[in-house]
Amino acid sequence: MLTDPYNWIEQSLTTIHKADWYRSVQTIQSRSGAIVQLEGRKVINFASNDYLGLAADERLIQAAIAATQEYGTGSTGSRLLSGHRQLHRELENAIASLKQTEDAIVFSSGYLANLGTIAALVGKRDLILADQYNHSSLKNGAILSGAVVVDYAHADVEDLKSQLVQHRQHYRRCLIATDSVFSMDGDFCPLPEILELAEEFSCMVLVDEAHATGVLGATGAGCVEYFGCTGKTLIQVGTLSKALGSLGGYVAGSTALIDFLRNRAPSWIYTTALSPADTAAALAAINIVQQEPKRRTQLHQNLDTLKQLIAQKLPHLKLLPSESPILCISLDSAADALKVGQQLKAAGIFAPAIRPPTVPTSRIRISVMATHELAHLEKLVDVLSAIAR
Ligand code: PMP
């Protein structure tokens, strides 16, 4: 007797439930913001990547409406067929100007930007050295490329160097790939040291600026700017969906790199171009990032205030080391993380539990926004104090 070939799915779901790893969606019923309506009640939102509060900015909304009126809702094809509009080019120019690179290319998401770029740059005869905590899109891009992948210990330059000494000579090309701000930890990659090693061992460097763009650096260009590495030869990937409040991804770099990706990145060539609305919203967001540095200043002030409040009122809270607006509270188990997430929600705070397999250890992830007010930060710390008691 043959068994039902789909049975295993339900069994897997049972295993996921038993481990407290089951995930489900939570419905937001209002515009993005510091306060949102979550499943019927107003909560203070510490779960959003909308770091600068642009996702509901009237200028982005109006730009999206105007682009939809002019071009319609869908872009109707891939960029190389019927999907390309002048707006895409304007956005790419704006990204290149923000990043101070020769050119840029826009993908339909940050995930697709990483998948397609890594797959285009390296193949079977090549090596990828990857930070062990890299985002899923970097990991899956590495698998898709067919290159040999060697993980180095998180943000550990010594380990990266020893892996290079051991492996580099056996491969044609080598790509070092890393998040710049680690999305589930909030710390930075040691970019200047990585670039030095890349030069010594003749490696390309791909840095994912998803959580840094608009947030770090004097002009909001990201970690590359924060570390003073602007102008160095490297491949900068990022998303339009976090601080830029829209949807889509990009790669910024040299003219040759971008031209090559237009010809070789499968997730750019064979997918429908970004919609007119998303493209126009992202373009409006980049203008705001460049013209309103006070949003970034406010974001960092809020972060400093929250850290001070925690230091005063919750000195024993186990925070993971972070220099970015992502702060994570470490918890002993997935069950504990779920429980604290639910207690926070019951007290009017939205800050999700992040559990394996997304991260190695369970935690509550808090992301600070420029639009949080002092009262929001105080309430978070008061609620955490009550839970700790
Ligand atoms: N890279 C990192 C580090 C991310 O955190 C994310 C989003 N979670 C992505 C890439 C993917 O970006 P997008 O949401 O635009 O697909």
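Ala, Val, Leu, Ile, Met, Phe, Trp, Tyr, Cys and Pro count as nonpolar; Asp, Glu, Lys and Arg count as charged; the others, Gly among them, count as polar. This is a predicted model: local features need pLDDT of at least 70, side-chain atom pairs count only at pLDDT 80 or more, and totals for chains, interfaces and linings use all residues. Residues are numbered from 1 along each chain as its sequence is written.

**Exercise 1. The ligand shell**

Task: Determine how the residues of the shell around the ligand divide into nonpolar, polar and charged.

Solution.
- Step 1. Take the residues near the ligand (C-beta atom, placed from the backbone, within 6 Å of it).
- Step 2. There are 14 residues around the ligand, and Ser109, Gly110, Ser183, Ala210 and Thr239 come nearest.
- Step 3. Sort the shell: two residues are nonpolar, 10 polar and two charged.
- Step 4. Look for the main contributor. Helix H5 (residues 110–121) gives the largest share, three residues. Helices (H or I, at least four residues) and strands (E, at least two) are DSSP runs, numbered from the N terminus.

**Exercise 2. Lysine 242**

Task: Find where lysine 242 is placed, and decide whether lysine 242 is buried or exposed.

Solution.
- Step 1. Place the residue: lysine 242 is in the loop between strand E8 (235–239) and strand E9 (249–253).
- Step 2. Apply the rule. A residue is buried if 20 or more other C-beta atoms lie within 10 Å of its own, exposed if 12 or fewer, and partly exposed in between; C-beta atoms are placed from the backbone.
- Step 3. Lysine 242 counts as buried because it has 26 C-beta neighbours inside 10 Å.
- Step 4. List the contacts (C-beta atoms, placed from the backbone, within 7 Å). Leaving aside neighbours within four places in sequence, lysine 242 is in contact with Asn49, Tyr51, Ala210 and His211.
- Step 5. Check the record. An unreviewed UniProt entry lists Lys242 for "modified residue: N6-(pyridoxal phosphate)lysine". UniProt positions are given in the numbering used here, feature names are shortened, and annotations may be inferred rather than shown by experiment.

**Exercise 3. Two buried residues**

Task: Explain why cysteine 223 counts as buried and why isoleucine 235 is buried.

Solution.
- Step 1. Cysteine 223 is found in helix H9 (residues 223–226). Cysteine 223 counts as buried because 26 C-beta neighbours lie inside 10 Å.
- Step 2. Beyond four places in sequence, the contacts of cysteine 223 include Ser180, Val181, Phe188 and Leu191.
- Step 3. Isoleucine 235 lies in strand E8. Isoleucine 235 is buried because 22 other C-beta atoms lie within 10 Å.
- Step 4. Not counting residues up to four places away in sequence, isoleucine 235 touches, among them, Thr117, Met204, Val251 and Leu257.

**Exercise 4. The domain contact**

Task: Describe the side of domain 1 that touches domain 2.

Solution.
- Step 1. Set the bounds, which come from an automatic or database domain assignment. Domain 1 is 26–56 + 293–388, and domain 2 is 58–291.
- Step 2. The domain centres, taken over C-alpha atoms, are separated by 26 Å.
- Step 3. The contact takes 21 residues from domain 1 and 17 residues from domain 2.
- Step 4. Helix H13 (293–313) and strand E10 (326–330) are the elements giving two or more residues to the domain 1 side. E10 provides the largest share, three residues.
- Step 5. On that side of domain 1, 13 residues are nonpolar, four polar and four charged.

Technical notes: Two residues are in contact if their C-beta atoms, placed from the backbone, lie within 7 Å.
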